[in-house]
Amino acid sequence: RGRLVGVWQDRDYFYKPADEEKQVLYGILEYDLTPSTTISAGISYQRQDGTMWQRGLPTYTDGSQLGLPRDVALTVDWAKREQTIRELFASVEHRFDSDWTLKLSAARQRFDFDYLNLSLGGPIDPVTGSFGTPSAFSEDDGNHSAGVDLSLSGRFDAWGREYKLTMGADWRRSYGKQLRNRIDTAFPEGEIRLDDFPGLDLPAPVRGRAGSGWPAWGGKQQGIYARLDMQATDRMHVIVGGRYGNYRHSETMEEYDEDGNVTYRDTSWRWSENGIFTPYAAVTYDLTPDWTAYASLTEIYKPQGNTFAGPPDNPTQLDPITGRNTVDPNDPARVKGSSSATPWLLAAAVVAALVLLLWIFGGTGTDGTAPVGAPAGGEVAPMGTAPAVGGDTAPATGGELAPAQPDAAPAPAAPLD
């Protein structure tokens, strides 16, 4: 069985000058080695190239807004960005019987992103509308990641009740890069003013080699996890789980001469944390056949050993962020289900779906990078999933590895029909 998806998109934006060309290729193959064993493998490729506004708006010197028309952007036609995402993924799944499944998943992703921006000063003199002298800025960024997950899931009966168990082990690696390029500009003398936009004509800068940056920063993590769903009564389920893992982080900072030779290297930013356990517990109760109340408790653990406080000559490493996230069953938002008002709920679902489609295929932020309201953190979609056709996919560039929930595992592509 197989599936192949190809997309080409050429679009203009509501502000000028801005455009983007996108190519997407996604393919997956599945093969049944035996009636109980299935293997799958696939690729995903996405490239975006365009001129977009990637900066914010300055204000006047008195703090008031510029009040620019919606179609005016403070950018030029050579301020471009290029983004490429390549991904390989594979899985092997063996079904012992109708209740138990063993699954091995692996994925590797490479995300490369480089851009060239026009840099304008601020704030702006409300009388002259002057930005001051312009400059340019360019970086080569990205993230390379890989992950492997082995899990066993199934169900069994005990003491007259049904239990569902998932357990496994995973390994993940994610390293980002951020290199700041040298820029040679030949801008004419003089200041830039608001009324120069749109249509500002400036000669394109020449990008040289990287002058400094972080060629590799990120970390690795490995751990084991488990989750047990117990049917306590006919109406109540109790879910417990947790993850036990180790984390290691490292950063390399370098400086280069004009020929690309390394003139300075700092690899002192290294730390690790071992034996981290993050438990999870939840209770669900079926109030009626259509409505369920639930409550949960999750331990939070976020390493931040790469952040320091205090004087530069004697900094102190910050402790991890810890805490608990609870869900109160008395909160009305924690009761879910359906009622006799099914047609109205269906109509609301259709409206929500249409809004979501518009959000995915049409709405973008002023920088053109993601739909308005999308998370700004650049989280990677589950490995092996089909690529987004509209909007932008924004893999993480920082390589930060947050503790996973008990059931958080690299997700391969959905099985083919």
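This is a stop-by-stop tour of a predicted model, with a selection to make at each stop.

**Stop 1: the aromatic run at 13 to 15**

Select Y13, F14 and Y15. The whole structure holds 10 aromatic pairs. Y13 and Y15 make a tilted pair, because their ring planes sit at 35 degrees, with the centres 5.8 Å apart. Next, put F14 against Y15. Here the planes are at 80 degrees and the centres 5.2 Å apart, so this pair is edge-to-face.

Now colour by accessibility. Which of these residues are buried, and which are partly exposed? Y13 has 10% relative accessibility, so it counts as buried. Y15 is buried too, at 2%. F14 is partly exposed, with a relative accessible area of 31%.

Add R70 to the selection. R70 lies over the face of F14, 3.8 Å from the ring centre.

**Stop 2: a cis bond at P17**

Step along to K16 and P17. The peptide bond from K16 to P17 is cis, and its omega is near -5 degrees. P17 belongs to the loop between β1 and β2.

**Stop 3: E30 and R1**

Select E30 and R1. A search of the whole structure finds 16 salt bridges, and this pair forms one of them, with the closest N and O atoms 3.1 Å apart. The pair links distant parts of the chain. E30 sits in strand β2, residues 19-34. R1 is in the segment before β1, which spans 2-12. The two are 29 residues apart.

Compare their surroundings. E30 has a relative accessible area of 9% and is therefore buried. R1 counts as partly exposed, at 41% relative accessibility.

**Stop 4: E93 and its two partners**

Select E93, R95 and K103. How far apart, N to O, are R95 and E93 in their salt bridge? The distance is 3.2 Å. E93 also forms a salt bridge with K103, where the closest N and O atoms are 3.7 Å apart. E93 lies in strand β4 (residues 80-95) and K103 in strand β5 (residues 100-119), so their bridge ties together parts that are 10 residues apart in sequence.

Check the accessibility of each residue. E93 is partly exposed, at 21%. R95 counts as partly exposed, at 24%. K103 is partly exposed as well, at 23%.

For a second view of charged side chains, select R86, R110, D112 and K177. Salt bridges that share partners join these residues into one network.

**Stop 5: a nonpolar patch**

Show the surface and select V92, F96, L102, L104, V148 and L150. These residues form a nonpolar patch on the surface, with about 460 Å² of accessible area together. Which elements give two or more residues to the nonpolar patch? They are β5 and β7, the latter spanning 135-158. F96 lies in the loop between β4 and β5.

**Stop 6: S91 and S40**

Stay with strand β4 and pick S91, which lies in it. S91 is buried, because its relative accessible area is 9%. Then add S40. The side chains of S91 and S40 make a polar contact at 2.6 Å.

**Stop 7: W159 and its cluster**

Select W159. Its place is in the loop between β7 and β8, where β8 covers 161-184. Is W159 buried or exposed? W159 is exposed, with a relative accessible area of 78%. Look at the backbone too: W159 has a positive phi of about 55 degrees, although it is not a glycine.

Widen the selection to W100, F156 and Y163. Together with W159, they form one aromatic cluster.

**Stop 8: a second cis bond**

Go to F197 and P198. The peptide bond from F197 to P198 is cis, with omega near -10 degrees. P198 is in the loop between β9 (192-193) and β10 (206-231).

**Stop 9: V238 and Y294**

Finish with V238 and Y294. V238 lies in strand β11, residues 236-256. V238 is partly exposed, with a relative accessible area of 22%. Draw a C-alpha to C-alpha distance between V238 and Y294. The two are 56 residues apart in sequence and 9.8 Å apart in space.

Conventions: Residues are numbered from 1 along each chain as its sequence is written. This is a predicted model: local features need pLDDT of at least 70, side-chain atom pairs count only at pLDDT 80 or more; totals for chains, interfaces and linings use all residues. Side-chain values use heavy atoms; hydrogens and water are left out. Rings of Phe, Tyr and Trp (its six-membered ring) pair if their centres lie within 6.5 Å; planes under 30 degrees apart count as stacked, over 60 as edge-to-face and the rest as tilted. Buried means under 20% relative accessible area, exposed over 50%, partly exposed in between (1.4 Å probe, protein chains only). A charge sits over a ring if NZ of Lys or CZ of Arg is within 6 Å of the ring centre and within 35 degrees of the ring normal. A salt bridge is a side-chain nitrogen of Lys or Arg within 4 Å of a carboxyl oxygen of Asp or Glu. Helices (H or I, at least four residues) and strands (E, at least two) are DSSP runs, numbered from the N terminus. Patches are made of residues with over 30% relative accessible area and no salt bridge: like charges are joined within 9 Å, nonpolar side chains (Val, Leu, Ile, Met, Phe, Trp, Tyr) within 5 Å. Accessible areas come from the Shrake-Rupley method with a 1.4 Å probe; for residues, only the protein chains shown count as cover. A polar contact is a pair of N or O atoms within 3.5 Å; within protein, one must be able to donate a hydrogen and the other to accept it, and residues adjacent in sequence count only if both atoms are side-chain atoms.
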